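Student: I would like a close look at a single part of this model, taken slowly and with the residues named. Could you walk me through one pocket and what lies around it?

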Amino acid sequence: MINFKLAELRKKSNLTQQELGDILCVSYQTISKWENGVVYPDISVLPQISNYFGVSVDALLGLVPLEQEYCPSNSGRVEYWEERLEYLQRTRKTMWNEDYIRFLICDVWKIDKPISLLDCGCGFGAMGLMMMPLLPEGSTYTGIDFSKTMLDAAKDIFSHSNINAKFVLSDIMEYQATTKYDMVISQAVLRHVDHGEGFLRKMASYVKDGGILVSMECNREFEADGLYVQGMDYLKLCQHEGLKKLWQTELEMQNRDYSIAMKIPYYMKKTGLKNVSCRMNDRVTYLEPEQLDYEELLESCIKADHWDDEKTDKEIEENISYFMNHGMNRKEAEDYCRQQNGIVRYLKKHKGEVSLTKFGGIMISYGWK
């Protein structure tokens with residue numbers, strides 16, 4: 001049975017039936033019939049009503065409470081990452097240039113002797129696979145992650161290499177290290193967790209005196225502006241006013257910080273690290289059909305950003321409810337869903353001939369203990 005909430009919402013807004021009817025371009029008699037359950041609005045009108053009152057359609061229909069409790073993002077939980085192995089594998093393919101990693105190791109951090117490396121939130125060990133062949137012979141790698149799925153994949157991948165590696169299944173915040181390390185790193189971890197500063201302090205506690213702490217994180221503002229698909233409107237691709245509200249809500253409600261990449265150098269300084277500095281990853285993904293690895297890299301981009309299929313009406317409404325719970329109004333949530341579905345349609349329509357530029361905006365912050 002529908003428990004239509006129109007009357008309750010109207011009264012909370014101190015509107016008469018006539019005033020609400022004028023807003024919705026219907027008569028006050030129609031408003032009365034809707035409120036009394038004689039008839040209900042056409043389904044096409046429901047989003048207009050929900051947008052005006054700033055509630056989801058489900059809340060308007062009484063399927064969920066009008067005053068919904070905030071539903072935290074779960075990207076800092078193990079359950080989330082147990083299902084994200086393919087996502088990590090796809091995104092890491094276009095994240096770094098090997099020569100820049102070599103430059104950091106040799107010319108910036110000046111590592112010329114074997115080191116012990118701890119990778120916090122290592123996933124399937126992507127950073128270890130890149131860094132270890134570039135580090136002095138005799139270096140060791142330890143990866144720690146709370147996802148068994150990720151670590152099982154890492155163990156399998158590393159078993160086919162000659163890298164001296166071991167893996168620890170544990171939550172970083174609960175892990176009690178029995179040793180300290182010459183270098184402690186994390187990549188794209190702090191942006192997902194609540195209380196990133198505390199996570200960084202925990203990482204710093206694993207660093208030997210004289211060792212280095214490195215954090216590689218994306219700033220979401222950079223990332224949101226970092227996409228161009230040839231043939232599409234760049235300004236429309238980069239519109240993200242609704243996302244700004246979502247990011248701010250998540251920061252206020254659960255301390256999940258979309259802008260933590262900008263703050264990490266200051267947090268490092270607070271932990272007592274010396275010679276703190278910051279650089280920007282130089283990788284920009286440029287794809288066009290003549291490239292030899294075009295199909296593989298484009299598929300990775302599509303999978304990583306969930307552009308493989310358009311969302312159904314039901315999925316869109318679920319996403320809108322989530323986005324509204326995280327600070328967007330209905331129009332902003334609808335616009336974002338429309339933007340993402342538009343990218344999917346364009347990529348499918350122009351399959352095999354799409355060119356795009358994508359910049360992740362990864363900042364590399366580091367300091368010595």
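Tutor: Asn275 is exposed, because its relative accessible area is 60%, and the cut-off for that word is over 50%. The model in which this value was computed is a predicted one. Asn275 lies in strand 7, which covers residues 274-280, and has a positive phi of about 50° although it is not a glycine. Ala188 likewise is not a glycine and has a positive phi of about 50°, but this residue is found in the loop between strand 4 (181-187) and helix 11 (196-204). Ala188 counts as buried because its relative accessible area is 15%, and buried means under 20%.

With those two backbone positions described, we can turn to the pocket itself. The second largest pocket holds about 370 Å³ of space, and its lining is made up of 17 residues. Of these, the ones that lie nearest the centre of the pocket are Lys236, Gln239, Asp335, Tyr336 and Gln339. The elements that give two or more residues to this lining are helix 13 (234-237), helix 14 (241-254) and helix 18 (330-349). Helix 18 gives the most, with seven residues. In chemical terms, the lining of the second largest pocket is mixed, as its residues divide into six nonpolar, five polar and six charged.

Two of the helices just named, helix 13 and helix 14, are joined by a loop in which His240 lies. His240 is buried, because its relative accessibility is 9% and the limit for buried is under 20%. His240 can also be set against Asp335, one of the residues nearest the centre of the pocket: the two are 95 residues apart in sequence, while the distance between them in space is 9.2 Å, C-alpha to C-alpha.

Helix 13 also leads us to a feature of the surface. Tyr234 is found in this helix, and together with Tyr228 and Leu235 it makes a nonpolar surface patch of about 310 Å². Tyr234 itself counts as partly exposed, because its relative accessibility is 38%, a value that falls between the 20% limit for buried and the 50% limit for exposed.

To draw the part together, helix 13 gives two or more residues to the lining of the second largest pocket and also holds Tyr234, a member of the nonpolar patch, while helix 18 remains the element that gives the most to the lining.

Key. Residues numbered from 1 in each chain as written. Predicted model: local features only at pLDDT ≥ 70, side-chain atom pairs only at ≥ 80, totals over all residues. Heavy atoms only, no water. 1 Å grid on protein atoms, 1.4 Å probe; cavity = no way out; pocket = protein on both sides within 12 Å on 5 of 7 lines; lining within 4 Å. Points joined across faces, edges and corners; volume = space filled by probe spheres on them. Helix = DSSP H or I, 4+ residues; strand = E, 2+ residues; numbered from the N terminus. Nonpolar A, V, L, I, M, F, W, Y, C, P; charged D, E, K, R; others polar. Patch = residues over 30% accessible without salt bridge, like charges linked within 9 Å, V, L, I, M, F, W, Y side chains within 5 Å. Areas by Shrake-Rupley, 256 points an atom, 1.4 Å probe, with all protein chains shown as cover. Salt bridge = Lys/Arg side-chain N within 4 Å of Asp/Glu carboxyl O. Buried < 20%, exposed > 50% of the residue type's maximum accessible area, 1.4 Å probe, protein only.
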